[in-house]
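Open the model in your viewer and keep the selection box ready. Each stop says what to select and what to look for there.

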Amino acid sequence: MGFKVIRPKFTHSMLTLTQIREERDQIIKALSKRGVDVTESIDKIIILDKERRFLQKELDDTLAQSNNLSRQIGELMKSGKKEEAEEFKTETVGLKKKSSDLKEKMQGHESSMNDLLYTIPNTPSDIVVAGKSEEDNEIISTHGEQVDLSDYCKSHWDIAKEKDIIDFDLGAKVTGAGFPFYKGKGAKLQRGLIRYFLEKADEAGYTEYIPPLMINSDSGFGTGQLPDKEGQMYNMKADSLYMIPTAEVPLTNIYRDTLLTADDLPIKLCGYTPCFRREAGSYGKEVRGLNRLHQFDKVEIVQISEPSSSDKALEGMITHVQSLLEGLELPYRILRLCAGDMGFTAAITYDFEVWSAAQGRWLEVSSVSNFETFQANRLKCRYKDADGAKNLVHTLNGSALALPRIVAALLENHQADGDVKIPVDLIPFVGFDKI
RNA sequence: GGAGGUGUGACAGAGUGGUCGAAUGUACCGGUCUUGAAAACCGGCGUACCGCAAGGUACCGGGGGUUCGAAUCCCUCCGCCUCCGCCA
């Protein structure tokens with residue numbers, strides 16, 4: 001069941017200024033696969049950076065001069081030469097003005113440079129194909145039989161209603177659309193799945209965390225939700241906090257502003273959390289039932305690894321997700337997203353989709369990505385290698401798994417004789433064998 | 001939420017507004033000594049930016065201010081500790 005990511009040796013792994021300076025052409029080319037032309041931004045950044053460095057040199061020199069004078073004033077004061085000291089003081093006035101002007105100018109450059117920098121998404125890996133939308137995604141493999149039962153089997157929302165295990169209307173009353181209640185065996189199924197996923201992650205060596213469900217803006221920035229996706233998160237304005245859209249945010253931000261050692265790596269974490277997403281702009285049959293919710297449950301796995309072994313880490317995560325789906329006896333397929341369909345921060349993403357027998361279509365249940373150094377650069381997460389050199393780590397994460405569509409697929413694919421059969425592996429976790 | 005205290009390098013812990021990027025101890029790394037180890041002694045040991053380099057600049061919880069000069073004074077925010085209130 002092992003999975004191999006085959007890729008050429010060359011990677012451009014970070015959008016640090018150094019990389020932009022040194023790999024301008026490769027970055028522009030790589031990002032053109034996403035369908036974006038960053039030539040103008042990159043060139044502006046390069047110019048701003050050059051000017052910034054010049055300004056900094058000026059600033060540093062000016063500060064050095066005034067530091068020098070201050071030191072001399074100190075000596076003069078000590079030896080009682082008050083008048084001379086006063087003379088020197090007047091001299092520093094001009095330097096002070098000069099340095100504060102330079103500082104302001106430099107900060108101006110920095111902030112317009114950063115504004116541009118934040119608009120540039122991660123560069124896709126070399127094996128990621130160019131493309132604009134999901135139509136260009138590559139299907140890597142398909143597993144299990146997918147039968148289109150849509151003519152005679154029931155949709156998950158009908159089953160859920162009939163068995164009285166999920167109540168969408170009640171959720172709409174109490175909160176709003178997209179916030180269902182799970183009830184009786186429905187609630188137990190949720191709980192069982194969460195436990196199943198956590199146990200499997202534990203067996204695979206991931207340390208379990210129960211993270212906070214709200215995050216501050218530094219964390220949102222660290223993993224790349226801010227400023228890019230601000231509108232997708234619920235925002236607690238009174239306290240400047242955001243509801244987490246995924247456990248990725250608190251889990252990865254554990255390592256914000258840290259310097260690790262090679263011995264610490266790889267770090268493997270997992271955590272179950274509810275996830276909150278505004279999903280602004282979604283509507284229609286795509287969002288019916290469990291297809292798209294504002295609040296849903298998910299177990300997330302996260303890895304922090306050395307750059308040289310992040311491909312291997314990604315393979316391990318893919319294999320792990322595969323084993324979960326196989327345990328659940330669901331037909332699924334693996335896609336490698338095209339450049340344009342990937343998230344802002346990802347260098348490479350594999351999506352897992354399960355077959356929805358009643359809807360006759362594939363539903364995304366997991367997304368496994370390597371962010372390479374993109375998040376690490378924002379997080380300032382580095383490690384000291386064996387030679388003592390400091391490098392950015394690679395960060396990765398994946399859903400293992402997101403519950404609602406798994407539940408939808410279980411209900412639809414495993415229905416027989418008016419009941420829903422629970423897969424054998426799952427029975428010990430939910431405590432019953434059919435619904 | 002109210003009152004008070006506190007926040008310095010991996011840790012512990014100094015620091016009168018003027019060579020303080022910061023004493024000292026521990027830990028850590030290298031060396032001497034030793035059959036080996038320990039001890040002792042010698043040396044090294046923060047991060048970032050600019051620079052080919054020499055070197056320069058910034059950083060003592062975050063931000064702002066006073067001053068020729070701030071780890072040291074002032075304001076503000078945050079974290080931690082103690083007491084009180086409220087509460088699962």
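This tour of a predicted model goes from the RNA strand to a helix, then to some backbone details and two single residues.

**Stop 1: RNA strand B**

Select RNA strand B and show what surrounds it. The strand has 17 residues around it, and the closest are Gln 56, Asp 60, Ser 70, Arg 382 and Lys 390. Which parts of the RNA come within 4 Å of the protein? Sugar and phosphate make up 72% of those atoms.

Now show three side chains. Start with Arg 53. One of its polar side-chain atoms sits 3.1 Å from a phosphate oxygen of RNA strand B. Go on to Arg 382. Here an N or O atom of the side chain is 2.3 Å from a phosphate oxygen of the strand. Finish with Asp 60. Its partner is a base nitrogen of RNA strand B, 2.9 Å from a polar side-chain atom of Asp 60.

Which elements give two or more residues to this surface? They are helix 3 (39-78) and helix 4. Colour helix 3: it gives the most, with eleven residues. Then colour the surface near RNA strand B by residue type. You should find four nonpolar, five polar and eight charged residues.

**Stop 2: Lys 89 in helix 4**

Stay with helix 4, which covers residues 82-117, and select Lys 89 within it. Is Lys 89 buried or exposed? Lys 89 counts as partly exposed, because its relative accessibility is 34%, between the 20% and 50% cut-offs. Measure across to Ser 70 next. The two C-alpha atoms are 8.1 Å apart, and the residues are 19 places apart along the chain. You have met Ser 70 already, as one of the closest residues to RNA strand B.

**Stop 3: helix 10 and what follows it**

Select helix 10, residues 310-327. It has 18 residues and reaches 26 Å from first C-alpha to last, close to the 26 Å expected. Turn on a surface. Helix 10 is mostly covered, with 13 of its 18 residues buried.

Step just past the helix to Glu 329. Its phi is positive, about 55 degrees, although Glu 329 is not a glycine. Glu 329 lies in the loop that leads from helix 10 to strand 11 (332-336). At 44% relative accessible area, Glu 329 is partly exposed.

**Stop 4: another positive phi**

Jump to Asp 417. Phi is near 55 degrees here too, in a residue other than glycine. Asp 417 lies in the loop between strand 17 (415-416) and strand 18 (419-420). Asp 417 counts as exposed because its relative accessibility is 80%, over the 50% cut-off.

**Stop 5: cis peptide bonds**

Select Leu 265 and Pro 266. A cis peptide bond joins them, with omega about 0 degrees. Where is Pro 266? Look in the loop between strand 8 (258-261) and strand 9 (267-276).

Then select Ala 400 and Leu 401. The peptide bond between them is cis, with omega near 0 degrees. Leu 401 is part of strand 16, residues 394-402.

**Stop 6: Gly 222**

End at Gly 222, in helix 8 (residues 217-222). Why does Gly 222 count as buried? Its relative accessibility is 0%, and buried means under 20%. Show its neighbours. Leaving out residues up to four places away in sequence, Gly 222 touches Asn 253, Gln 375, Arg 378 and Leu 379. Add Ala 376 as well. Its C-alpha is 7.9 Å from that of Gly 222, though 154 residues separate them along the chain.

Key
Residues are numbered from 1 along each chain as its sequence is written. Chains are lettered from A and ligands numbered from 1 in the order in which they are written. This is a predicted model: local features need pLDDT of at least 70, side-chain atom pairs count only at pLDDT 80 or more; totals for chains, interfaces and linings use all residues. Side-chain values use heavy atoms; hydrogens and water are left out. Helices (H or I, at least four residues) and strands (E, at least two) are DSSP runs, numbered from the N terminus. Buried means under 20% relative accessible area, exposed over 50%, partly exposed in between (1.4 Å probe, protein chains only). Contact means heavy atoms within 4.5 Å. The expected span of a helix is 1.5 Å times one less than its number of residues. A residue is near a molecule or strand if one of its heavy atoms lies within 4 Å of it. A polar contact is a pair of N or O atoms within 3.5 Å; within protein, one must be able to donate a hydrogen and the other to accept it, and residues adjacent in sequence count only if both atoms are side-chain atoms. Ala, Val, Leu, Ile, Met, Phe, Trp, Tyr, Cys and Pro count as nonpolar, Asp, Glu, Lys and Arg as charged, and the others, Gly among them, as polar.
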